[in-house]
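Here are some notes for a colleague who is opening this structure for the first time. Each point can be checked against the sequence and the 3D view.

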Amino acid sequence: MGDDYFRLKARAYLPVCESNRDIILAIDSGIIKEVSVGCAVDRVVCNVCGEDISMCTHKKGEVYGSKLCCGELVNPYDAYEWSFVAVPSQKRAGITKGHKIFGKENDMEKILKAIENKKAFTLDESDSRKLCEYIDGLKKSAKDGVLYRESLTRDVVGLAAFVQPDISGETMESVAKSMTIEQLREFKSAFEKKKKAAFEPVPQLYCKQDKRNNTVENGQFSI
């Protein structure tokens, strides 16, 4: 509709104990889910005529022209209580259930598992900060992994040019991009062995140095 949207959210918890067993069961099963908020305002006016709702002739819930009559709360200054009710005045006023699933820094795997399983959960400010730090660490590790993969891919493509010259560099690069890290390492190792066997350097020839003359010039190059 283009209007500003606001939501008032109160956080509460119930200790798991025998005295709260029935109400916890009612909340979990959906029997208790609607709430009503008690608040204090300067005045309540009719949205049709702008007069005090208790003084005008319009009735809340009825349509006048194209406008549904309701009472507008003007200058609210306190929200002093909220209660479970059977029929709330605001139809969408209800509860959002949740539970804290971790409390230690090394419990991030639990929250990732909850996200993967599409389970609802709540986080406090401290947990949100820890989760952000954990995600930042994952991003950094992922970036390092990308750089390592790019380096490994270049090595495999370069070695393939030596040992498999019939395969074009573009084709080898395309194949390498679809490989896993383990497959790239396996190919690199195999290509390195093949290159070493094909391009093994010839050993340098030399004669044993004459013990009687230790100053033979360029003796190591004599055959």
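**Notes on a predicted model**

1. The crossing of helix 3 and helix 4 is right-handed. Please keep in mind throughout that the model is a predicted one. Two packed helices are described by the angle between their axes and by the distance between those axes. Here helix 3, residues 125–163, packs against helix 4, residues 169–177, at an angle of about 140°, and the two axes lie 9 Å apart. The residues that meet are R149, T153, V156, V157 and A160 on the helix 3 side, and G169, M172, E173, A176 and K177 on the helix 4 side.

2. How many salt bridges does a search of the whole structure find? The search finds four, and three of their pairings are described in this point and the following one. The side chains of E18 and R21 meet in a salt bridge with an N to O distance of 3.0 Å, while those of D22 and R21 meet in another at 3.7 Å, again N to O. E18, R21 and D22 are thereby linked in a network of salt bridges. Within this network, E18 is exposed, because its relative accessible area is 59%, and D22 counts as exposed at 52% relative accessibility, whereas R21 counts as partly exposed at 46%.

3. A further salt bridge joins the side chains of R185 and E182, at 3.4 Å from N to O. Both residues belong to helix 5, residues 181–198, and because they are three residues apart there, about one helical turn separates them. R185 is partly exposed, with a relative accessible area of 44%, and E182 is exposed, with 52%.

4. Is N20 buried or exposed? N20 counts as buried, because its relative accessibility is 17%, and a residue is called buried when that value is under 20%. N20 is placed in the segment before helix 1, which covers 21–29. When its neighbours within four places in sequence are left aside, N20 is in contact with L14 and P15.

5. On the surface, L8, V37, W82 and F84 make a nonpolar patch of about 390 Å². One of these residues, V37, lies in strand 1, residues 35–46, and V37 counts as partly exposed at 40% relative accessibility.

6. G65 is found in the loop between strand 2 (63–64) and strand 3 (67–68), and G65 is exposed, with a relative accessible area of 79%. Although G65 and V48 are 17 residues apart in sequence, their C-alpha atoms are 9.5 Å apart in space.

Notes:
Residues numbered from 1 in each chain as written. Predicted model: local features only at pLDDT ≥ 70, side-chain atom pairs only at ≥ 80, totals over all residues. Heavy atoms only, no water. Patch = residues over 30% accessible without salt bridge, like charges linked within 9 Å, V, L, I, M, F, W, Y side chains within 5 Å. Areas by Shrake-Rupley, 256 points an atom, 1.4 Å probe, with all protein chains shown as cover. Helix = DSSP H or I, 4+ residues; strand = E, 2+ residues; numbered from the N terminus. Buried < 20%, exposed > 50% of the residue type's maximum accessible area, 1.4 Å probe, protein only. Contact = heavy atoms within 4.5 Å. Axes fitted to C-alpha atoms, helices over the stretch in contact; angles between N-to-C directions. Left-handed = near helix turned anticlockwise from the far one by under 90°.
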